[in-house]
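Dear colleague,

Here is the structure you will be taking over. My notes on the findings follow below it.

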Amino acid sequence: MACSTSAALLSLPLSFQRPSPRQFLSLFHHRYDSFNYPKFWVQRRLLVPVFCLSGGTNQDTEPEADTTPLDSSSSFSPSISSNSTYNLCAALGGIGFVETAYLSYLKLANAAAFCPIGGGSCDDVLNSEYAAVFGVPLPLIGMVAYGLVGAISLQLAAKKLPFGIDESDGRLVLLGTTTSMAAASAYFLYVLSSKFSGVSCSYCLISALLSSSLFFATVKEFGFQEITRRVGFQIFVASLVFVTLSASYNSSFPVSQSAAELDLPYYQVEIAKPSSPLAISLARHLQSIGAKMYGAFWCSHCLEQKEMFGREAAKILDYVECFPNGYHKGTKIEKACTEAGIEGFPSWVINGQVLSGEKELSELAEISGFELDGIS
């Protein structure tokens, strides 16, 4: 009100006309009242500028000055936390990339690994049938995974993602990759403890430590509320890893601890015992109905099974060698033997039925529907 009054007074045109007697008398009374009440006059003179200076414009600007620092600090703190997590993931991914690149070189060059802990145990694990997934060397797969994690983490920290991918999609790819790596590490730790009892592999343990660290760092970055919405996605990724690894290793022949120490080139053993006429007849009958015998050149029971038939009949049998290229560390069973579901040697497949172990001629004749008189 005072500000508007002052503005109105300032807007009035200046006048130099001589006041009328009535105006002059009114001005005299006004000055007389001001002289008699000096406190009121001073108070009025002081209240006008103070009221104008504390108007609505200044009151509106003061809260903005107070709230601006709070908003800026709250907006910058998550970015700093995210960048530190991404930098940590990039560093761990780089370490894992170097380790798996070294192991990939050893695998492709067929060289021995330097194992600071466990002596030659590392070579036993790295050259086993578990060191490849569907024929692809496992260190090579790990090198790709660690490289992907390191690259995505660096790009997320720099806020520059390729192919038009936004930050949300990049974080989801990072979560899926670290989840799959952690699931694979858990699977291989189980294999290491169950299939390689007493064997130490320092590279396997380092890789498991790196994978689990990357997983927990990514989960912490997402936070509890957001990660609960991604549980289904993580379960799906982990299940896919377990199914893939199980399907790959189920196609490999399970090698026992004694067989794991063998390193044998393929050789052939001649049967010295001659065949009887009835043994030759049985061998021809088995061949005619599509029966097959599966074995390994180093299997003593396979040799005994052939000797039951004799030299001539053994050559008639439809025999499948499951290790035609010899047996070495990491050698896989022949695909035909895997598809037939062979689990031991010797094994017979007669009329779609798999029979494990050494069989008497009479038993084979009965199963195949062939009558052999006089054979006990």
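**Aromatic pairs**

Searching the whole structure, which is a predicted model, turns up 15 aromatic pairs. One of them joins Phe188 and Tyr249: the ring centres are 6.3 Å apart and the planes meet at 70°, so this pair is edge-to-face. Phe188 belongs to helix 7 (residues 167–195) and Tyr249 to helix 10 (residues 231–250), so the pair ties together parts 61 residues apart in sequence. Phe188 has a relative accessibility of 19% and counts as buried, because the cut-off for buried is under 20%. Tyr249 is buried as well, with a relative accessible area of 8%.

A second edge-to-face pair is made by Phe215 and Phe216, with 5.4 Å from centre to centre and 65° between the planes. Phe216 is exposed, at a relative accessible area of 57%.

Phe188 and Tyr249 also belong to one aromatic cluster, together with Tyr130, Tyr187 and Phe242.

**Charges over rings**

Two cases are worth a look in the viewer. The charged end of Arg171 sits over the ring of Phe222, at 4.2 Å from the ring centre. Arg171 is found in helix 7 and is buried, with a relative accessible area of 13%. Leaving aside residues up to four places away in sequence, Arg171 touches Tyr86, Leu156, Glu221, Phe222 and Glu226. In the other case, Lys306 lies over the face of Tyr319, 3.7 Å from the centre of the ring.

**Spans annotated in UniProt**

An unreviewed UniProt entry places the feature "transmembrane region" at residues 130–152, 172–190, 196–219 and 231–249. I have figures for two of these spans. In residues 130–152, the end C-alpha atoms lie 28 Å apart, and the span is 65% helix and 17% strand. In residues 231–249, the end C-alpha atoms lie 27 Å apart, and the span is 100% helix and 0% strand.

**Cysteines**

How many disulfides does a search of the whole structure find? There are 2. A disulfide is a covalent bond between the sulfur atoms of two cysteines.

One disulfide is formed by Cys201 and Cys204, with the sulfur atoms 2.5 Å apart. The torsion about the S-S bond of Cys201 and Cys204 is about 70°, so this disulfide is right-handed. Cys201 is buried, with a relative accessible area of 1%, whereas Cys204 counts as partly exposed at 25% relative accessibility.

The other disulfide is formed by Cys322 and Cys337, whose sulfur atoms are 2.1 Å apart. The torsion about the S-S bond of Cys322 and Cys337 is about -100°, so this disulfide is left-handed. Cys322 lies in the loop between strand 4 (319–321) and helix 15 (335–339), and Cys337 lies in helix 15, so the pair ties together parts 15 residues apart in sequence. Both Cys322 and Cys337 are buried.

As for other cysteines, Cys89 is buried with a relative accessible area of 0%, and Cys299 is buried with a relative accessible area of 9%.

**Nonpolar cores**

In soluble globular proteins, nonpolar side chains tend to be buried together. In this model, the largest nonpolar core has 31 residues, and those with the most contacts inside the core are Leu286, Phe309, Phe323, Phe345 and Trp348. The elements that give two or more residues to this core are helix 12 (277–288), strand 3 (292–295), helix 13 (300–309), helix 14 (311–316), strand 5 (347–350) and helix 16 (361–368). Helix 12 gives the most, with 5 residues.

Which residues does Leu286 touch, not counting residues up to four places away in sequence? They are Ala291, Phe309, Leu317, Trp348, Ile350 and Ser368. Apart from this largest core lies another core, of 22 residues, among them Ala113, Cys115, Val133 and Ala184.

Regards

Terms used:
Residues numbered from 1 in each chain as written. Predicted model: local features only at pLDDT ≥ 70, side-chain atom pairs only at ≥ 80, totals over all residues. Heavy atoms only, no water. Core = buried A, V, L, I, M, F, W, Y, C linked by side-chain atoms within 4.5 Å. Buried < 20%, exposed > 50% of the residue type's maximum accessible area, 1.4 Å probe, protein only. Helix = DSSP H or I, 4+ residues; strand = E, 2+ residues; numbered from the N terminus. Contact = heavy atoms within 4.5 Å. Phe/Tyr/Trp six-rings, centres within 6.5 Å; stacked < 30°, edge-to-face > 60°. Lys NZ or Arg CZ within 6 Å of the ring centre and 35° of its normal. UniProt positions renumbered as here; feature names shortened; annotations may be inferred. Disulfide = S-S within 2.5 Å.
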